Amino acid sequence: MEEITKYILEQLQNLLAIDSPTGYTKDVADYLMAEYKKLGYTPKRTVKGGVLTDLGGENPDNAVFLEAHVDTLGAMVSQIKSNGRLAVSPLGGMNANNAEAENCRIITRFNGTYEGTCQLTDASVHVNGKYNEISRSFDVMEILLDEKVSAREDVLALGIMEGDIVAFDPRTRITKSGYIKSRFLDDKLSAAILLGYARYLKENHITPERKIYQHLTVYEEVGHGGAASIPQGVTEILAVDMGCVGEGLNCKEHQVSICAKDSGGPYSYDLVSQLIAVAKRDGLDFAVDVYPYYGSDAEAGLKAGYDVRHGLIGSGVYASHGYERSHIEGVKNTFLLLKGYLG
């Protein structure tokens, strides 16, 4: 378990270091394609840009489809202002309160990458007397480029244009006490866990009782990541995404969360029951919760019309869509639940 955990954390840090806001995921998909090949698999790139891998297994007519997503929150340049600053439109559920004062990168289509900072317009407390009164939204935020620019023409000369991607710094840290802190643990933490499971099967020469596929999706943050590319024979979609930690919920960062219901309705009663039974049997630290504001790739598959069971598990993550925090024990419990359930 320790070697697998080490590998998962290495993969997590590698994935977090690759900018991949929704709509700009080719670099992280390239990385995943190479990593699956290194593990001995034959991954395929979907038309949408995700990565689909057959892990092998018996009974292809009762296959399991494991899904996690590697697209993240971010922003897009919506206007180059006359003063050389950039107005942005959020990608996914990026919240202006969480974007304020964050370092970021502007990824141009043809002219490389530039650095900047997301700030409130007129961000100096010693100048702006209404600083504390302003409700943060992207209407009052802007990107300050770390370039000597003071006019729209200066920015255009750099090759920056409307429609360019803005990626925020993840600020990844793993503490001595085992806490994992970073933006975008939703859902690169789960993607790393799936890579760990793929490595576990290959290194131990395990042929699962059911055919298993893994799908690393790239449009989950806008709701349609898991709505396609489901192979024939799949009867079950198990999304591995963050477990919610917050007031009114049971889950903590060191646990694996089993979701019974989210904003889209209940998950498969039988599948949720089976997951709980396995967690109890194997002595895992787990929680069952109802998430008030949540949707998953598994849910997207159902809405697309697939006749499958669906479930959702994940390591507990606090401060979702902000500067998120989980724990190594949550990673272990999630991996062990996957291992125990899939056999």
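How many nonpolar, polar and charged residues are in the lining of the largest cavity? The first legend answers this for the predicted model shown above.

**Figure 1. Close-up of the largest cavity in the predicted model.**
The count comes to 1 cavity of 30 Å³ or more. About 50 Å³ of space lies in the largest cavity. By class, its lining has 8 nonpolar, 2 polar and 2 charged residues. Leu16, Ile18, Asp19, Ser20 and Pro21 are among the lining residues. Thr72, Leu73, Ala167, Phe168 and Pro170 also belong to the lining. So do Phe184 and Lys188.

**Figure 2. Close-up of Phe184 and the start of the story of helix 5.**
Phe184 sits in the loop between strand 11 (179–182) and helix 5. Phe184 is not a glycine, yet its phi is positive, about 70°. Phe184 also helps to line the largest cavity. A further backbone feature is the peptide bond from Asp186 to Asp187, which is cis. Its omega is near 10°. Asp187 has its place in helix 5.

**Figure 3. Close-up of helix 1 against helix 5.**
Two packed helices are described by the angle between their axes and the distance between the axes. Here the axes of helix 1 and helix 5 come within 8 Å and cross at roughly 135°. That makes helix 1 oblique to helix 5. The crossing is right-handed. Helix 1 brings Ile4, Tyr7, Ile8, Gln11, Leu12, Leu15 and Leu16 to the contact. On the side of helix 5, the contact residues include Leu185, Lys188, Leu189, Ala191 and Ala192. Ile193, Leu195, Gly196, Arg199 and Tyr200 of helix 5 take part as well. By class, the contact has 13 nonpolar, 2 polar and 2 charged residues.

**Figure 4. Close-up of helix 1 against helix 2.**
Helix 1 (residues 2–16) and helix 2 pack with their axes 11 Å apart. The angle is about 155°. That makes helix 1 roughly antiparallel to helix 2. The crossing of helix 1 and helix 2 is right-handed. Tyr7, Gln11, Asn14 and Leu15 are the residues from helix 1. They meet Val28, Tyr31, Leu32, Glu35 and Leu39 in helix 2. The residues of this contact divide into 6 nonpolar, 2 polar and 1 charged.

**Figure 5. Close-up of helix 2 against helix 5.**
The axes of helix 2 (residues 26–39) and helix 5 (residues 185–203) come within 10 Å. They cross at roughly 20°. That makes helix 2 roughly parallel to helix 5. The crossing of helix 2 and helix 5 is right-handed. From helix 2, the contact takes Leu32, Glu35, Tyr36 and Leu39. From helix 5 it takes Leu195, Ala198, Arg199 and Lys202. By class, the contact has 5 nonpolar, no polar and 3 charged residues.

**Figure 6. Close-up of the largest pocket.**
The largest pocket has a volume of about 510 Å³. It is lined by 29 residues. Closest to its centre are Met242, Cys244, Tyr293, Tyr294 and Gly295. Strand 14 (243–245) and helix 7 (297–303) are the elements that give two or more residues to the lining. Helix 7 gives the most, with 4 residues. By class, the lining of the largest pocket has 10 nonpolar, 11 polar and 8 charged residues.

Methods: Residues are numbered from 1 along each chain as its sequence is written. This is a predicted model: local features need pLDDT of at least 70, side-chain atom pairs count only at pLDDT 80 or more; totals for chains, interfaces and linings use all residues. Side-chain values use heavy atoms; hydrogens and water are left out. Axes are lines fitted to C-alpha atoms, for helices over the stretch in contact, and angles run from 0 to 180 degrees between N-to-C directions. Angles under 35 degrees count as roughly parallel, over 145 as roughly antiparallel, 65 to 115 as roughly perpendicular and the rest as oblique. A crossing is left-handed if the near helix is turned anticlockwise from the far one by less than a right angle, and right-handed if clockwise. Contact means heavy atoms within 4.5 Å. Ala, Val, Leu, Ile, Met, Phe, Trp, Tyr, Cys and Pro count as nonpolar, Asp, Glu, Lys and Arg as charged, and the others, Gly among them, as polar. On a 1 Å grid over the protein atoms alone, a cavity is a set of points where a 1.4 Å probe fits but cannot get out, and a pocket is an open set with protein on both sides within 12 Å along at least five of seven lines; lining residues have an atom within 4 Å of a point. Grid points are joined across faces, edges and corners, and a volume is the space filled by probe spheres set on the points.
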